[in-house]
Amino acid sequence: DGCIKAVGQADGIRNQFSGATFERVIDCSGKCVLPGLVDAHTHPVWAGDRVHEFAMKLAGASYMEIHQAGGGIHFTVEHTRKATEEELFNTFKHRLERMRRAGSTLVECKSGYGLNLETELKMLRVIERAKQSMDIGISSTYCGAHSVPKGKTAIEATDDIINNHLPKLKELKLSGEIHVNNIDVFCEKGVFDLESTRRILQAGKDIGLQINFHGDELHPMKSAELGAELGARAISHLEEVSDEGITAMARAKCAAVLLPTTAYMLRLKQPQARKMLEEGVIVALGSDFNPNAYCFSMPMVMHLACVNMKMSMNEALAAATINAAYALGKSDTHGSIETGKQGDLVIINSSRWEHLIYQFGGHETLIDYVIVKGKVIYQNERCGTMSSY
């Protein structure tokens, strides 16, 4: 059934299964077996890269300056609207394969580069197709409120989402065509204000979606306080979160999905991981893979979390496994090696698991096997011939 049957000391396991036969035995002598990594925040369905904007950022342009000049999300929206479903699926599949090779076995995937009903549904269909056809766990997120579409005000966009987008999603869910797990809004100055965010998130919650949204990234917006009040499962970014927001999230058991790649690439203030951990917030990690922060690798995310956000390696591993699974409402089935949980595992070619974080960018020769539901979905040919050191 793809679930873990037993975990324990080698001798006990050998005795328990002495009469059993196995389709395949993997020799893990001198290696480490870890839970499959969970990427709690990605935007992986889009067309048209933004490599040209990277040079603008390096020259000092801010995220909002690029956005206002017609770049950023609007550039991607234009290309994604023009792309066919098949084109989007093929690039998305390729990106998911790269994520798998870097050890991710469960990934949160957002829409949000359509900003109109037709393109948002096209993106969600692409995500649904990957859910059905690929050996990787996917938690899908409707993020139609990623930006205000050109020609609309934030209030008009909010009304459109509540009156048109969400009823259609409910209908498609009932017919079994598209299953969306989460609702997301970019709550930010000049994008969706607190009141619009509240209306959209509540409407999503009313049709059975988990609240999991972008908050307090570029400006303090009191997003964390709002999320705690609405019973959000998770809030992402939080570079500008208030002390009151941190306290509220801890009390509400609302996970903080921190994105060290974004703070690094946009040269933002680092999220206050230490303060959150000390106050009892459930801290998770995500790659924020998107055309603005092009990183597939959760091992690199963990490394950045340790160096730039001052997390310990143990904290980073928990944040990229069990806590990230919690942020997606899946910690009862994913995120740790326990009897009865889904058999999602990563085997690394080292006797110490810390190499997965210590070797910055080294996962290509370090990850030996990636296993989903007890099935080997990736075997690294390089590991057999070379040492990870």
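A residue counts as buried when its relative accessible area is under 20%. In the predicted model described here, serine 223 has a relative accessibility of 0% and is therefore buried. This serine belongs to helix H9, which spans residues 223-230. Beyond the neighbours within four places in sequence, serine 223 is in contact with Cys187, Leu194, Phe213, Gly215, Asp216 and Ile235.

Leucine 356 is likewise assigned to the buried class, since its relative accessibility is 2% and the class takes in values under 20%. The residue is part of helix H16, formed by residues 355-358. When neighbours within four places in sequence are set aside, the contacts of leucine 356 are with Leu34, Leu37, Pro299, Met302, Ile348, Leu366 and Ile367. A separation of 23 Å was computed between the C-alpha atoms of leucine 356 and valine 25, two residues that lie 331 positions apart along the chain.

Two lysines with positive phi values were examined next. Lysine 310 has a phi near 60°, a positive value in a residue that is not glycine. This lysine is located in the loop that connects helix H13 (298-308) with helix H14 (313-319). Its relative accessible area of 59% places lysine 310 among exposed residues, the threshold for that class being over 50%. For lysine 373, also a residue other than glycine, phi is positive at about 50°. Lysine 373 is situated in the loop between strand E11 (367-372) and E12, and with a relative accessibility of 51% this residue is counted as exposed.

The packing of helices H7 and H8 was then analysed. Helix H7 comprises residues 154-174 and helix H8 residues 194-206; their axes lie 9 Å apart and enclose an angle of about 10°. Because angles under 35 degrees count as roughly parallel, H7 and H8 are roughly parallel to each other. On the H7 side, the contact is made by Thr158, Asp159, Ile161, Ile162 and Leu166, while H8 contributes Ser196, Arg199, Ile200, Ala203 and Gly204. By class, the residues of this contact comprise five nonpolar, three polar and two charged.

The search of the whole structure for enclosed space returned three cavities of 30 Å³ or more. The largest cavity holds about 130 Å³ of space. Its lining consists of 14 residues, and those nearest the centre are Tyr63, His146, Asp288, Asn290 and Asn292. Seven residues of this lining are polar, four are nonpolar and three are charged.

The second largest cavity has a volume of about 40 Å³. Helix H7, described above for its packing against H8, gives the most to the lining of this cavity, with four residues. The complete lining is made up of Leu115, Gly144, Ser147, Pro149, Ala157, Asp160, Ile161, His165 and Phe192. Of these residues, five are classed as nonpolar, three as polar and one as charged. Ile161 thus appears in the lining of the second largest cavity and also in the contact of H7 with H8.

Open space was considered separately. The largest pocket has a volume of about 1400 Å³. The pocket is lined by 30 residues, and Ala6, Ile13, Phe22, Arg24 and Leu345 are the closest to its centre. Elements that supply two or more residues to the lining are H1, strand E10 (345-348) and strand E12 (375-379). The greatest contribution is that of H1, with three residues. In terms of residue class, the lining divides into 17 nonpolar, eight charged and five polar residues.

Alanine 6, one of the residues closest to the centre of the largest pocket, is positioned in the segment that precedes helix H1 (10-16). A relative accessible area of 22% makes alanine 6 partly exposed, as the value lies between the limits of under 20% for buried and over 50% for exposed residues. Outside the neighbours within four places in sequence, alanine 6 is in contact with Ile13, Gln16, Phe17 and Thr339. Among these partners, Ile13 is also one of the residues closest to the pocket centre. The C-alpha atom of alanine 6 is separated by 30 Å from that of arginine 382, a residue 376 positions away along the chain.

Definitions and conventions. Residues are numbered from 1 along each chain as its sequence is written. This is a predicted model: local features need pLDDT of at least 70, side-chain atom pairs count only at pLDDT 80 or more; totals for chains, interfaces and linings use all residues. Side-chain values use heavy atoms; hydrogens and water are left out. Axes are lines fitted to C-alpha atoms, for helices over the stretch in contact, and angles run from 0 to 180 degrees between N-to-C directions. Angles under 35 degrees count as roughly parallel, over 145 as roughly antiparallel, 65 to 115 as roughly perpendicular and the rest as oblique. Contact means heavy atoms within 4.5 Å. Ala, Val, Leu, Ile, Met, Phe, Trp, Tyr, Cys and Pro count as nonpolar, Asp, Glu, Lys and Arg as charged, and the others, Gly among them, as polar. Buried means under 20% relative accessible area, exposed over 50%, partly exposed in between (1.4 Å probe, protein chains only). On a 1 Å grid over the protein atoms alone, a cavity is a set of points where a 1.4 Å probe fits but cannot get out, and a pocket is an open set with protein on both sides within 12 Å along at least five of seven lines; lining residues have an atom within 4 Å of a point. Grid points are joined across faces, edges and corners, and a volume is the space filled by probe spheres set on the points.
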